[in-house]
Amino acid sequence: MSIETATNVCSVAFRDREGKQIEKRTNKRGSHSELLFLFIEELMEEHGLKIPELEGVLVSKGPGSYTGLRISASAVKGLLFQTQVPLYAVDTLASYAMQAATEREVVGTIHSVIDARRQHLYHQKFQWEQGALRTYDQTEVRPIDNVEKMIEAGDIVVGTGLKRLDAEVRDKATLLDSHAITARSLIDLYEAEAENFFKQVDPESFDPSYYTSSQVQ
């Protein structure tokens, strides 16, 4: 099972033993606390699942909305309490890039972005090469104009805050907005054994990757 709540999107996905992925998802602002547990409960009931029977749980670790990330962190702590089910924290921006690569079947550069405060974006640049996702930098809080300078013709930009980019930059890139944000991409990363983008964590001590206001100038 995988959980994505780093932005307005609230998504829960499950992969069954046949490899089929099932998702429950909404893009309704402020719905995470109301719908996350409902989605999980519905998936459990509809497919006859019990938490202790899961092979693992994947959770999007950030960056992103403080509230959204806290809700999913609290959820997995409760779900996995006194179970042996492993928890994996997945890089949020890497999961966006994975979805873009899967959806577009591209070879090239992918920019994952999340809207941040003021004139900034959370940003990380990826390459899809020989069927694998790679990156050569870290997630950063960057001024929007700096991100715009990094985007070249033919690149893919995926995530939230796309409308904050200059129109000329948008016109030369392929844009994938919030429809490409899904918990299914966390499962795809895990199945691709892209271990540099996720790690097993202790549910009890798990804390998402937050950015403080001092990191956004």
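Reader: What makes E2 and strand E3 a pair?

Author: In this predicted model, E2 and strand E3 (residues 21–26) are joined over six bridges in the antiparallel sense. Pairing asks for at least two bridges, so the two strands qualify. You can find one facing couple at Arg15, which stands opposite Gln21 in E3.

Reader: Which residue in the hairpin of E2 and E3 takes a positive phi?

Author: That is Gly19, with a phi near 90°. The hairpin has five residues between its strands.

Reader: How do you know that strand E1 pairs with E2 as well?

Author: The same count settles it: three bridges join strand E1 (residues 2–4) to E2, and a pair needs at least two, so they count as paired. They run antiparallel. Ile3 has Val12 as its bridge partner in E2, and the hairpin of E1 and E2 has five residues between the strands.

Reader: Why is E2 described as largely enclosed by the rest of the structure?

Author: Because five of the six residues of strand E2 (residues 10–15) are buried.

Reader: Nice. Why is Thr92 called buried?

Author: Its relative accessible area is 0%. Buried means under 20%, so Thr92 meets the cut-off. You will find Thr92 in helix H3 (residues 92–104).

Reader: What makes the approach of Thr92 to Gly62 a polar contact?

Author: The side chain of Thr92 reaches the backbone nitrogen of Gly62 at 2.7 Å. The limit for such a pair is 3.5 Å, so the distance falls within it. Leaving aside neighbours within four places in sequence, Thr92 is also in contact with other residues, including Glu4, Ala6, Ser60 and Ile114.

Reader: Let's turn to the pockets. Which residues lie nearest the centre of the largest pocket?

Author: They are Thr7, Asn8, Arg29, Asp115 and Thr160, out of 21 lining residues. The space in this pocket is about 500 Å³. Helix H2 (66–79) and strand E6 (108–115) each supply at least two residues of its lining.

Reader: How does the lining of the largest pocket divide by class?

Author: There are 13 polar residues, four nonpolar and four charged.

Reader: And how much space lies in the second largest pocket?

Author: About 440 Å³. It is lined by 15 residues, and Phe14, Arg15, Asp16, Leu54 and Glu55 are the closest to its centre. Two or more lining residues come from each of E2 and helix H6 (184–191). By class, this lining has seven nonpolar, three polar and five charged residues.

Technical notes. Residues are numbered from 1 along each chain as its sequence is written. This is a predicted model: local features need pLDDT of at least 70, side-chain atom pairs count only at pLDDT 80 or more; totals for chains, interfaces and linings use all residues. Side-chain values use heavy atoms; hydrogens and water are left out. Helices (H or I, at least four residues) and strands (E, at least two) are DSSP runs, numbered from the N terminus. Buried means under 20% relative accessible area, exposed over 50%, partly exposed in between (1.4 Å probe, protein chains only). A polar contact is a pair of N or O atoms within 3.5 Å; within protein, one must be able to donate a hydrogen and the other to accept it, and residues adjacent in sequence count only if both atoms are side-chain atoms. Contact means heavy atoms within 4.5 Å. On a 1 Å grid over the protein atoms alone, a cavity is a set of points where a 1.4 Å probe fits but cannot get out, and a pocket is an open set with protein on both sides within 12 Å along at least five of seven lines; lining residues have an atom within 4 Å of a point. Grid points are joined across faces, edges and corners, and a volume is the space filled by probe spheres set on the points. Ala, Val, Leu, Ile, Met, Phe, Trp, Tyr, Cys and Pro count as nonpolar, Asp, Glu, Lys and Arg as charged, and the others, Gly among them, as polar.
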